Every structure is written in structure tokens, then in C-alpha cells.
Amino acid sequence: MITYVARRVLAGVPTLWGVATVVFFMARLLPGDPARVIAGVLASPEDVERIRKQMGLDQPLWVQYLDFMGSLLHLDLGTSAHTNAPVVEEIGSRLPYTIELALVALAIAITAGILAGIVAAIRRNTWLDLVISGLSVFGVSMPVYWLGLMMIILFAIDLHLFPAAGADEPASIVMPALTLALFSVGLIARMTRSSMLEVLGQDYVRTARAKGAPFRVVVFRHALRNALLPIMTVIGLQFGALLGGAVVTETVFAWPGVGRLLVDSIFFRDYPVVQGLVLMFGTTFVVINLLVDLTYAYVDPRIHYS
Amino acid sequence: MHMSIPASTTAEAFEAESLAPEAAASVRPAAAWRRLVGHRSAVLGLSVLTIYAVASIVGPILFPFNPGQNQLTTVLFAPGQEGHVLGTDNFGRDELLLLVYGARYTLSLGVMAVALGIIVGVPLGSVSGYFGGWADIIIQRFTDVLLAFPPIVLALALVAGLGVGLRNVVIAVGVSSVPSFVRLVRADSLRLRELPFVEAARALGVSPWRILLRHVIPNAIAPVIVQATLQMGFAILLAASLGFFGLGVQPPTPEWGELLGEARNYIFSDPNLATFPGLAIFAAVLAFNLVGDGLRDALDPRLG
């Protein structure tokens with residue numbers, strides 16, 4: 001088990017290195033001169049030259065690459081061209097908002113998705129099943145930004161139930177979290193339904209029912225626990241999807257997380273922050289995948305790792 | 001992940017099924033079409049797409065209209081007012097005409113981005129699966145890295161570097177769809193490589209590239225068609241979100257996402273403006289997903 005964990009962690013290293021390399025080359029090889037952009041349109045050629053020196057852009061590419069990788073190891077992502085604060089601080093001050101939003105959305109999605117999936121499986125081929133299964137196609141087809149706007153119109157403008165934007169009140173998180181959750185609810189429900197249907201047909205479920213165990217106990221204790229593994233895969237992958245969805249949701253609801261920071265930084269042409277954020281999103285995804293894989297090994301003793 | 005679950009009867013059954021001779025047989029188009037039109041939700045999706053396609057081709061011919069021209073006397077009419085069925089926008093442009101004109105951009109964005117994903121992804125995936133070895137390792141690592149970025153983040157990063165506009169949106173969205181095609185075609189090539197007819201071609205001395213082009217890729221095409229349809233919905237969503245941010249196709253081009261982003265500024269006074277473009281995007285994506293699901297059932301009856 002320990003060797004498996006060690007090997008799985010080590011296997012993530014090349015991917016992380018690849019993520020950093022792609023981010024480095026994305027910033028260097030795309031057209032446009034970062035020094036000129038940061039200096040602004042009114043800057044003199046000398047100013048541009050000075051900034052180029054300051055950013056190390058006058059060095060050969062491989063020196064820049066080694067510098068970049070070296071400073072990454074010290075968690076140094078440079079300074080923001082917009083606020084002059086270190087990029088790590090800029091991201092660090094916004095990250096808690098995104099994590100909060102993603103966790104609340106994930107909790108909603110898991111609760112609603114698993115419950116809906118169980119209901120669809122038990123009431124298989126009824127209108128309820130049809131509605132729940134249809135919801136998952138709706139969820140993945142829904143433009144998140146549009147759903148957000150419609151929620152603002154209904155709940156903030158017409159009904160005055162929740163604030164339309166910002167993160168000033170505790171109630172502010174309700175609409176962004178619901179919007180973000182919808183995409184995942186359908187997928188989790190669909191996975192739960194098929195996984196539950198498979199398990200409910202097993203012999204041990206029939207045995208449990210035959211010995212007279214209450215229906216609720218059979219569903220939750222005997223069936224659900226055994227149906228959880230494939231559901232967990234989907235949930236793990238959803239957390240990555242939620243981080244991506246946060247970019248859109250945060251912008252719609254003016255939620256002050258990293259997603260909105262990314263969009264704002266692109267408008268400010270604040271390349272160091274954009275680069276840092278892209279790197280952060282990639283790294284987070286790799287780490288989450290690793291955690292999901294390790295959780296499997298813990299949860300399902302049937303899986304042998306060679 | 002390398003794991004071995006103790007052999008079960010299902011695993012054996014699956015093995016037997018994938019080795020069956022039908023597995024490599026190409027799908028007969030006529031039979032697949034019959035199954036598709038028997039699929040109720042797929043027919044619904046097809047109808048929506050047909051309406052969109054006809055509207056985007058015929059609409060601009062019947063109702064000539066210049067989206068770049070402002071009509072300051074008709075600004076922000078409510079739906080139904082003075083013959084504007086869906087009202088007018090903040091530039092006084094008829095909302096329905098904008099949507100009809102926008103269908104061209106939104107649909108062609110999706111088609112071009114997915115085409116880019118196929119052109120890059122299918123050759124990479126087939127080489128990766130058929131040849132294996134170093135080519136496989138490098139291509140798979142590269143795919144892993146691309147998959148590590150949420151598609152919207154990757155697309156935003158590319159647009160940040162390349163700049164906005166139709167061409168760059170196609171590139172940004174297209175790149176995001178490459179990994180799914182690589183993965184899909186690789187898995188099929190791995191399977192096809194071992195089948196008797198490919199082995200026979202090898203034994204006859206056919207060159208590897210010719211085997212790839214004539215035998216492997218043609219037999220891997222059915223899942224690619226399904227994936228392309230599903231990706232089309234996703235590409236439209238992604239392209240429209242760039243437009244919504246103001247980082248996609250630029251005004252006055254009436255791309256649906258751009259219209260929605262513009263409408264956001266009038267959400268308190270004229271909520272209708274935001275309703276219609278979003279509904280148009282939603283219906284298009286839903287239609288592609290329904291047709292995609294239908295196609296999967298029609299092309300691969302074993303899965304249904």
C-alpha cells in the first residue's frame with residue numbers, strides 16, 4: 001500500500017512538470033511582446049527595454065526556463081503588473097472564496113445527485129425516473145452564465161430573496177452555489193442510478209430483503225454502500241469541473257474568487273497573474289486526481305495494486 | 001491507474017464480446033439511420049438543428065439586415081412592440097433577426113472548433129494506439145497535461161495570448177477538444193491492432209501508415225462521429241462563454257454568447273434581452289447532446 005502511494009505520487013510529478021512547461025511556453029511563444037504590453041502604449045522604447053531586462057526577457061529562452069522553474073520551487077510566481085503585489089498573495093487572498101463556493105456547490109450536488117439517483121433507481125421506468133434522467137441532459141446542456149442570469153432575474157430582481165452579486169452577506173453564496181451545482185447534480189444522479197440498479201439486482205440484496213430487513217435499510221446500508229465506488233469517481237472528477245465552472249459563475253455573480261480574478265487579469269493584461277492562475281488550476285486538478293485515486297485504494301479492499 | 005479486480009464473469013463476458021468478429025465490422029449506414037429515427041429524443045434534437053440550419057441559411061436571404069447599423073429610434077422595445085416579435089436590443093436591432101444571424105456564427109464556431117479537434121486528435125490518437133512505444137508515451141503525457149486544465153481556463157489562456165476574434169476562438173475551443181479525440185481513437189486503435197484483418201494486412205507486407213489510413217482509422221470512425229456530436233454542444237457552450245466575457249467574437253457580430261454578455265448590462269431594466277440568446281444556446285447544446293446520445297445507440301447497438 002505504501003509503495004503504491006509513493007509510486008502514484010511520483011507518477012504525478014512528470015504531469016506537474018508538463019503543466020509548468022506548457023504554461024511557460026504558452027506565455028513565451030504566443031505572439032505579442034509582454035514587456036511592451038506591461039509598459040503600456042505611452043512608454044518610451046527605453047522604458048520597454050528596462051522592463052524587458054527586469055523581467056529577464058532579454059535572456060536566452062533556456063535561461064528563462066530554468067529561472068522560471070527555479071522560482072516555482074520557491075513558490076515565486078512574480079509580481080502582478082496591475083497591483084505590484086506578489087502573484088502568490090493575489091491568488092492567496094482570493095482562493096478561500098473559490099474553495100468555499102466549490103465545496104458548498106459540491107455538497108449540494110452530492111446530496112441532491114445521490115438522492116435523485118436513488119429515487120430514479122427505485123422508481124425505475126416511472127415518470128419520476130424519466131424526469132430525473134432528463135435533468136442530467138439538461139444540466140450538461142445548460143449555459144451556466146445564462147442560468148446565473150435567470151436566477152438573478154427571478155430570485156434577486158423579482159422576488160428579492162437573495163442578493164444579486166458580491167459576497168457581503170451569508171446569503172450571497174446561495175445563488176452562485178446552486179448555479180454551479182446544477183451541472184454536477186445531473187451527472188452524479190445518472191451515475192448513482194445506473195450503479196444502484198446494478199447493485200439492487202445482486203444476490204445479497206435479495207437475501208437482505210428476504211430475511212425481512214426494512215426497505216430503507218436495504219437501500220442505504222446494503223445497496224448504496226456497495227454502489228458508491230463508481231459514484232466517487234464521478235464526484236472526484238466533478239471537483240475539477242467545479243473549479244472550471246467557478247470561473248464563469250464567479251464572473252456572473254461578482255463573487256471575489258480566483259475565477260473572477262482570471263477574467264479580470266486578462267482584461268488588465270496582467271500576464272504574471274494569468275500565468276500564475278493557469279498554473280494553479282492545472283496543479284489543483286493533478287493533485288485532486290491523485291487524491292481520488294488514493295481514496296479508491298483505501299475504500300475498496302478488492303482492488304489490488306501491482 | 002493499474003488495478004486488477006479479480007476476474008469476474010462480467011469481465012470475461014466483456015472480453016468475449018470485444019473479440020467477437022462483429023466488433024470490427026463497419027456499421028451499415030441504412031440500419032444506423034433507421035435506429036436513429038426510431039429514437040424519439042434524437043429526432044427532437046435533429047428537428048431543432050434542422051430549424052437552426054434552415055434559419056441561418058434562409059433567414060439572412062429573406063430578411064437582409066446589417067447588424068452593424070444602429071436604429072436609435074427603436075431602442076429596447078419590449079417583445080411584440082411594433083412588430084418586433086422578440087423586441088429590440090440596446091442598439092435598436094431586432095432581437096429575432098440578431099438571433100437568426102447569430103446562428104451562423106455560433107453553429108459554425110462549433111463545427112470549426114470540433115473539426116480542428118478531429119484533425120489534430122484523430123491522427124495523434126491512432127499513432128499513439130497503433131504504434132505504441134515512445135510515440136504513445138509522449139502523446140499520452142501531452143494529453144494528460146492538456147486535460148489538467150479546465151477547458152474554460154485553457155481557452156481563456158489561449159485567447160489572452162492570441163487575442164480575441166473568430167479565428168482565435170476557434171483555435172482556443174478546438175485545442176480544448178483535442179484530448180477527448182486522442183483518448184477515444186487511441187483506445188480503438190489498440191483494439192483494432194490485434195484483430196485478424198489488421199494482422200493479415202501486416203502479414204501481406206502492407207506499410208504501417210497505409211494500414212493506419214485504410215484499416216485502422218476507417219474502423220474507428222463511428223465512435224468519433226458520436227464524440228464529435230457531443231463535443232459540438234460543448235464547443236458551442238465554451239465559445240459562447242468566451243463571447244459572454246467579451247473575449248470571444250467581437251461586436252457588432254451577433255454571436256449568441258456576445259449578445260448575452262451585452263444583455264447582462266440591461267438585466268434590471270430589460271430582462272428579456274438576456275432570456276432569448278441564452279435559450280437559443282441552451283436549445284442548440286441540448287439538441288446536439290440528444291442527437292449524440294441517439295447516435296451512440298444507433299451506431300453501437302451493443303451499448304444500448
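Visitor: Which helix of chain B is the place of Leu166(B)?
Guide: Before we look, keep in mind that this is a predicted model. Leu166(B) sits in a helix of chain B that covers residues 166–193. That helix is α7.

Visitor: Is Leu166(B) buried, exposed or partly exposed?
Guide: Let's count its neighbours: 17 other C-beta atoms lie within 10 Å of Leu166(B). Being buried takes 20 or more, while being exposed takes 12 or fewer. With its 17, Leu166(B) is therefore partly exposed.

Visitor: How many Å separate the C-alpha atoms of Leu166(B) and Gln250(B)?
Guide: Along the chain, Leu166(B) and Gln250(B) are 84 residues apart. In space, the gap between their C-alpha atoms is 7.9 Å.

Visitor: What kind of peptide bond joins Pro251(B) and Pro252(B)?
Guide: First, the place: Pro252(B) is in the loop between α10 (221–245) and α11 (256–263) of chain B. Omega for the bond from Pro251(B) to Pro252(B) is about 10 degrees. The bond is cis.

Visitor: Stepping back, how many helices does chain B have?
Guide: Chain B has 304 residues, and 46% of them count as buried. Among its contacts with a separation of 6 or more, 69% link residues 24 or more positions apart. The pattern along the sequence is α-α-α-α-α-α-α-α-α-α-α-α. Strands number zero, and the helices number 12.

Visitor: At what angle do α3 and α4 of chain B cross?
Guide: α3(B) is made of residues 40–62 and α4(B) of residues 95–131. Their axes come within 8 Å, and the crossing is left-handed. The angle is roughly 120 degrees.

Visitor: What is α3(B) to α4(B), oblique or roughly perpendicular?
Guide: Roughly perpendicular would take an angle of 65 to 115 degrees. The crossing here is at roughly 120 degrees. That makes α3(B), relative to α4(B), oblique.

Visitor: Which residues of α4(B) does α3(B) meet?
Guide: From α3(B) come Tyr52(B), Ala55(B), Ser56(B), Gly59(B) and Pro60(B). Sorted by class, this contact has seven nonpolar, two polar and one charged residues. On the side of α4(B), the partners are Val100(B), Tyr101(B), Ala103(B), Arg104(B) and Leu107(B).

Visitor: How many residues does chain B bring to its contact with chain A?
Guide: Chain A supplies 41 residues to this contact. On that side of chain A, α1 (2–29), α6 (127–141), α7 (144–158), α10 (215–252), α11 (258–267) and α12 (271–299) each give at least two. The residues on the chain A side divide into 29 nonpolar, 10 polar and two charged. As for chain B, the number is 40.

Visitor: Which residues of α6(B) does α10(A) meet?
Guide: The axes of α10(A) and α6(B), the latter being residues 151–162, come within 7 Å and cross at roughly 60 degrees. The two helices are therefore oblique to each other. Gly244(A), Val247(A) and Val248(A) are the residues from α10(A). They meet, in α6(B), Pro151(B), Ile152(B) and Val153(B).

Visitor: Which element gives the most to the side of domain 1 of chain A that touches domain 2?
Guide: Chain A is assigned domain 1 (2–73) and domain 2 (91–299), with C-alpha centres 33 Å apart. In their contact, 13 residues of domain 1 of chain A touch 12 residues of domain 2 of chain A. On the domain 1 side, α1 and α2 (34–39) of chain A each give two or more residues. With 11 residues, the biggest giver is α1(A).

Visitor: Is Asn84(A) buried or exposed?
Guide: Asn84(A) is in the loop between α4 (61–73) and α5 (87–122) of chain A. Its phi is positive, about 65 degrees, although Asn84(A) is not a glycine. It has 7 C-beta neighbours inside 10 Å, so Asn84(A) counts as exposed.

Visitor: And where is His160(A)?
Guide: His160(A) also has a positive phi, near 55 degrees, without being a glycine. With 9 C-beta neighbours inside 10 Å, His160(A) counts as exposed. Its place in chain A is the loop between α7 and α8 (174–200).

Visitor: How many residues of helix α9 of chain A are buried?
Guide: α9(A) has eight residues, 203–210, and lies largely in the open. After α9(A) comes Gly212(A), with a positive phi near 90 degrees. The number of buried residues in α9(A) is zero.

Methods: Residues are numbered from 1 along each chain as its sequence is written. Chains are lettered from A and ligands numbered from 1 in the order in which they are written. This is a predicted model: local features need pLDDT of at least 70, side-chain atom pairs count only at pLDDT 80 or more; totals for chains, interfaces and linings use all residues. Helices (H or I, at least four residues) and strands (E, at least two) are DSSP runs, numbered from the N terminus. Two residues are in contact if their C-beta atoms, placed from the backbone, lie within 7 Å. Ala, Val, Leu, Ile, Met, Phe, Trp, Tyr, Cys and Pro count as nonpolar, Asp, Glu, Lys and Arg as charged, and the others, Gly among them, as polar. Axes are lines fitted to C-alpha atoms, for helices over the stretch in contact, and angles run from 0 to 180 degrees between N-to-C directions. Angles under 35 degrees count as roughly parallel, over 145 as roughly antiparallel, 65 to 115 as roughly perpendicular and the rest as oblique. A crossing is left-handed if the near helix is turned anticlockwise from the far one by less than a right angle, and right-handed if clockwise. Domain bounds come from an automatic or database domain assignment.
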